[in-house]
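Q: Please take a close look at one pair of packed helices in this model and set out how the two meet. Add a description of one pocket afterwards.

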Amino acid sequence: MSSLKEVCAGLPLAPLPENRGRAAGVPHAPCRTPGLSAEERKLALQNSLRYFPPSLHQELAQEFADELRLYGHIYMYRFCPRIQMRAYPIHEYPCKTKKAAAIMHMIMNNLDPAVAQFPQELVTYGGNGQVFSNWAQFWLVMNYLSEMTEDQTLVMYSGHPLGLFPSHPNAPRLVITNGMVIPNYSSREEYEKLFAMGVTMYGQMTAGSYCYIGPQGIVHGTVLTVLNAGRRYLGLDDLAGKVFVTSGLGGMSGAQAKAAVIAGCVGVIAEVDKAALLKRHAQGWLMEVTDSLDQCVARVREARKNKTVLSLGYHGNVVDLWERLVSEYEATGDLLVDLGSDQTSCHNPFSGGYYPVQLSFEEANKLLATNPERFRELVKESLRRQVAAINTLSEKGLFFWDYGNAFLLEAKRAGAEVEKTGVGKTEFRYPSYVQHIMGDIFSLGFGPFRWVCTSGDPQDLSVTDLIAASELENIINQGVGDAVQQQYNDNIRWIREAGRHDLVVGSQARILYSDQKGRVCIAVAINRAVADGRLKAPVVISRDHHDVSGTDSPYRETSNIYDGSAFCADMAVQNFVGDAFRGATWVALHNGGGVGWGEVINGGFGLVLDGSEEAEERAKMMLGWDVSNGVARRCWSGNRNAHETIRRTMEENSGLRVTLPYQVEDELILQKALGEN
């Protein structure tokens, strides 16, 4: 096994490590089918060899060519490190600055097999959310970080470390861009080729920015979504005995089972990959598993009747589950599902993100590698069947929503009946959860704020939990509006119960939803706890890019922006740039994330709280911008919650002046001016 010192020493070239190929017994990414021409295959191989001296090209060229042929990408399996991949305590990394060590801590957490979906392919979540494009890049980045000083910045081009460049202490230590392809060439087909050639990469959201914290990152968001769906559509605060049906237990979607339990309902989650299902069961995120639809239905009936909290994993295709629920209704008149959604990786439906119901998991993977066009047709047929079943049940009382995974978008493209007449391009028969559930929360300034204790000590995490709850309670005591107080109360309840729900997978991390005031107060309090020794090591703060201002995504984060700007990406780009010069330790900007390549631009950050006065000032300056940027944009689009939120923020900060919109009060003026009756 390698040591951290060896991992930071640069590419191991003399001697070359043994080529062990793909490891057995771990999940692997589906084989890609990029459709490269002969010249493009040559270029892909040539590009991969750029990382190695010519004396090694003869030995490496054939195995890299074999990887390209067999797997559709050159991962460089030979260079997969033998170290136990995990987030080591920050003091163990051989670095010249703690900020670089904190970044290493985050990178290795993203690649931890307990966290990563396909660790040997450097995929953290979502089926294709890469940390790096190949293992050579990992070694180079770790080496650069170990040598970095406070006067240098590491520049990353889509997984490739361009190098360390002279900088200054107030600049970010790391700047990441992923997938910045010219817009007219940002198609799925072009992506597959560009990724295979090793020149671009899909970083999802927090995979390619090294900020993923395991499925806990979406547990809380799912809890809030399910609770607010119950309030809005069922008129209930208590979801006991109510059934939530969904699918997906790999990566982020694995959070749904735990969220159902915390929300107090019956959660039934279908998963085709047995390894992913058993992984969640072993981690305690799933209470029960079954591969029998008969048993699944029987357990649902029993749990509904007794109002038992349950998370049940069904090993099978979710289409079969939905169609069985239709059959049960037709046979008995019982509607066995109240709330429904989907969390398959539909942003990547034809490369293993969504599996067709007509084939077993193994058969589908084989067809994907041998006949991708046939696989594509079966996926489309499967999507149409799934929507047909959901439509039938929704007419009987089911409430279904799109969970921002591009399910409705891909269903529409497949010809399923999800269209809604007389609306814009971002609206469908069923709402996006942002439109009807989370959008108002974003417009209040609330979003997924999170932190990682780099000591690796669970006790440090417990201390930060107490700090966060205390800070939010202090804000409430100072006086807030009813809508804001409800959000604070939900999050205080969450943070007080988080420790007993075994949410940590990988790094000692926590997440909650907070607005600007809450984020700043929590960050400042944590930084002071580092300074006075209550916390043993620095803490990294970040957020999901799925936030108030981090993402421009017309079918998810900005789907409730109705002024025609939902397809514009100024907000995310400005967010990335603004965070960089306001103090972030690192920043990242991605094409793609959540709903897929070419469908979204998103930006994120990491900030190391090391206990210094400088870190406190950076947190205050950067977090204010990071939230207010998005609230101001949402205000300008006409959102009333955002209008009130930004007005209140301006009253609290004399340096903030935002352009406020005037509303058209009489629409007849518009009709008259346009010559309409």
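A: **A helix pair and a pocket**

In this predicted model, α11 and α14 are roughly parallel to each other, because angles under 35 degrees count as such and the axes of these two helices cross at roughly 30 degrees. Helix α11 covers residues 318-332 and helix α14 covers residues 372-394, and their axes come within 9 Å. The crossing in which α11 passes α14 is left-handed.

On the α11 side, the contact is made by Val318, Val319, Asp320, Trp322, Glu323, Leu325, Val326 and Tyr329. Helix α14 contributes Ser382, Arg385, Gln386, Ala389, Ile390, Thr392 and Leu393. By class, the residues of this contact comprise nine nonpolar, three polar and three charged.

Now to the pocket. The second largest pocket holds about 770 Å³ of space. Its lining consists of 34 residues, and those nearest the pocket centre are Gln516, Ser628, Thr645, Thr649 and Leu656. Four elements give two or more residues to this lining: α18 (482-498), α19 (516-531), α21 (613-636) and α22 (640-652). Helix α21 supplies the largest share, with 10 residues. Sorted by class, the lining of the second largest pocket has 15 nonpolar residues, 11 polar residues and eight charged residues.

Definitions and conventions: Residues are numbered from 1 along each chain as its sequence is written. This is a predicted model: local features need pLDDT of at least 70, side-chain atom pairs count only at pLDDT 80 or more; totals for chains, interfaces and linings use all residues. Side-chain values use heavy atoms; hydrogens and water are left out. On a 1 Å grid over the protein atoms alone, a cavity is a set of points where a 1.4 Å probe fits but cannot get out, and a pocket is an open set with protein on both sides within 12 Å along at least five of seven lines; lining residues have an atom within 4 Å of a point. Grid points are joined across faces, edges and corners, and a volume is the space filled by probe spheres set on the points. Ala, Val, Leu, Ile, Met, Phe, Trp, Tyr, Cys and Pro count as nonpolar, Asp, Glu, Lys and Arg as charged, and the others, Gly among them, as polar. Axes are lines fitted to C-alpha atoms, for helices over the stretch in contact, and angles run from 0 to 180 degrees between N-to-C directions. Angles under 35 degrees count as roughly parallel, over 145 as roughly antiparallel, 65 to 115 as roughly perpendicular and the rest as oblique. A crossing is left-handed if the near helix is turned anticlockwise from the far one by less than a right angle, and right-handed if clockwise. Contact means heavy atoms within 4.5 Å.
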